[in-house]
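Trainee: I would like a close look at one part of this model: how charged side chains pair. Please start there, then work outward to the rest.

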Amino acid sequence: MNLLGKFGMVFLITINIVFVIFGIALMAAGIAVQAKGGEYLQSYLPLLDNIEIGNTRMGFLLRAVAGMVIATGIFSIVVSLMGIVGACKRLVVLLIIYGVIIIVLLVLEITVLGVSFQIKQEFQGNLRQKMLQLIQNYEGDFGSILTTAWNFLFLTFQCCGVNQQIQVNDFISTLWWQTPTRGPRVVPTFCCKGATPDSATTAFVQPCTLAVNPATSYVDRGCYDILNQLLDQYTSAFIAICILIVIVQIIAAATSFILVSQIRKEDKEMSDKN
């Protein structure tokens, strides 16, 4: 095998070892994204599932990103091991299968990248409006599944309302604002700092609910900003990872076919000698 073939073999083995490590890291990152939802994920998930842009729901999008990252990690490990074995054992068939899989993955990843860019732009352009529509049905400490989802969203992400409540009061347009049970409160109990599901539902009128004060409640943290940052953080990371993978996979696919050519050439020369 000439210098090009030897370099290709070393490169293919090295890059696939890196991809095995990368795959493990992706699996850990996907699990971390799922864990980011916190212990109240199932409680506020109905709200995210009601935020729909086009044909995509935000709850599904966040779950899909985490799932795709984990799946990508597992698949990267399997395909990389195939490349390592094929290069070390000089198995032409395995290297060809490896190269073909990489090419198919490239087509899929480029498609996913295009869709991801589009969905990200649609969500960021319409997320605030959708959230403002949904909060109109907010009923306070108790109520519908959607009301419970809002409350646990406030608890999990330490935010309050859609916008920053120190700038604008989103709750004026809600059902809660119109009910006599609200009393003198101007901030929901679930927006209070240090609130828990028990404390928020057993003591209705607390000092933190009587004034828009960032020292006692999360009125300076709008849930739109938090969700938008979360969406931008994970979709941007996912897109960046996909672009990096595409670049490296192009090189890996080309190297695998070069190596196949070199192995076949060497086998032919040995056959001719014999």
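Mentor: There is one salt bridge in the structure. The term means a side-chain nitrogen of Lys or Arg within 4 Å of a carboxyl oxygen of Asp or Glu. The partners are Arg-185 and Asp-141, with a nitrogen-to-oxygen distance of 2.7 Å. Arg-185 sits in the loop between α6 and α7 (197-202), and Asp-141 in the loop between α4 and α5, so the bridge ties together parts that are 44 residues apart in sequence. Helices here are DSSP runs (H or I, at least four residues), as strands are (E, at least two), numbered from the N terminus. Side chains of opposite charge can pair when their charged atoms come close. Arg-185 and Asp-141 are both buried. Buried means under 20% relative accessible area, exposed means over 50%, and partly exposed lies in between (1.4 Å probe, protein chains only).

A word on the basis. This is a predicted model, where local features need pLDDT of at least 70 and side-chain atom pairs count only at pLDDT 80 or more, while totals for chains, interfaces and linings use all residues. Residues are numbered from 1 along each chain as its sequence is written, and side-chain values use heavy atoms, with hydrogens and water left out.

Now the packing. The largest nonpolar core has 42 residues, and Met-131, Trp-150, Phe-154 and Phe-171 touch the most other members. Such a core is a set of buried Ala, Val, Leu, Ile, Met, Phe, Trp, Tyr and Cys residues joined through side-chain atoms within 4.5 Å. Helices α2 (41-50), α4 (92-135), α5 (145-157), α6 (175-178) and α8 (223-273) each give it two or more residues. The largest share is from α5, with eight residues.

Look at Phe-154 itself. Leaving out residues up to four places away in sequence, Phe-154 touches Tyr-138, Cys-159, Cys-160, Gly-161, Phe-171, Phe-190, Cys-191 and Cys-223. Contact means heavy atoms within 4.5 Å. There is also a second, separate core of 28 residues, including Phe-19, Val-79, Leu-106 and Ile-263.

Stay with α5 for a moment. Leu-155 lies in this helix. Leu-155 is buried, with 13% relative accessible area. Its C-alpha atom is 8.5 Å from that of Cys-192, 37 residues apart along the chain. Gln-158 is in the loop between α5 and α6. Its phi is near 50°, a positive value in a residue other than glycine. Gln-158 is partly exposed at 39% relative accessibility.

Arg-90 also has a positive phi, near 55°, in a residue other than glycine. This residue belongs to the loop between α3 and α4. Arg-90 is partly exposed, at 28% relative accessibility.

Next, the largest pocket. It encloses about 360 Å³ of space. The method uses a 1 Å grid over the protein atoms alone: a cavity is a set of points where a 1.4 Å probe fits but cannot get out, a pocket is an open set with protein on both sides within 12 Å along at least five of seven lines, and lining residues have an atom within 4 Å of a point. Grid points are joined across faces, edges and corners, and the volume is the space filled by probe spheres set on the points.

The lining holds 23 residues, and Thr-72, Phe-75, Ser-76, Leu-105 and Glu-109 lie nearest the centre. Helices α1 (3-35), α3 (58-89), α4 and α8 each give two or more residues to this lining. The largest share, eight residues, is from α3. By type, the lining has 17 nonpolar residues, five polar and one charged. Nonpolar covers Ala, Val, Leu, Ile, Met, Phe, Trp, Tyr, Cys and Pro; charged covers Asp, Glu, Lys and Arg; the others, Gly among them, are polar.

Two residues of α3 are worth a stop. Ser-76 lies in that helix. Ser-76 is buried at 9% relative accessibility. Beyond four places in sequence, Ser-76 touches Phe-19 and Gly-23. Met-68 lies in α3 as well. Met-68 is partly exposed, at 34% relative accessible area. Not counting residues up to four places away, its contacts are Val-112 and Phe-238. Between the C-alpha atoms of Met-68 and Glu-266 there are 40 Å, with their positions 198 residues apart along the chain.

Last, Asp-267. This residue lies in helix α8. Asp-267 is partly exposed at 37% relative accessibility. Its C-alpha atom and that of Arg-128 are separated by 64 Å, the two being 139 residues apart along the chain.
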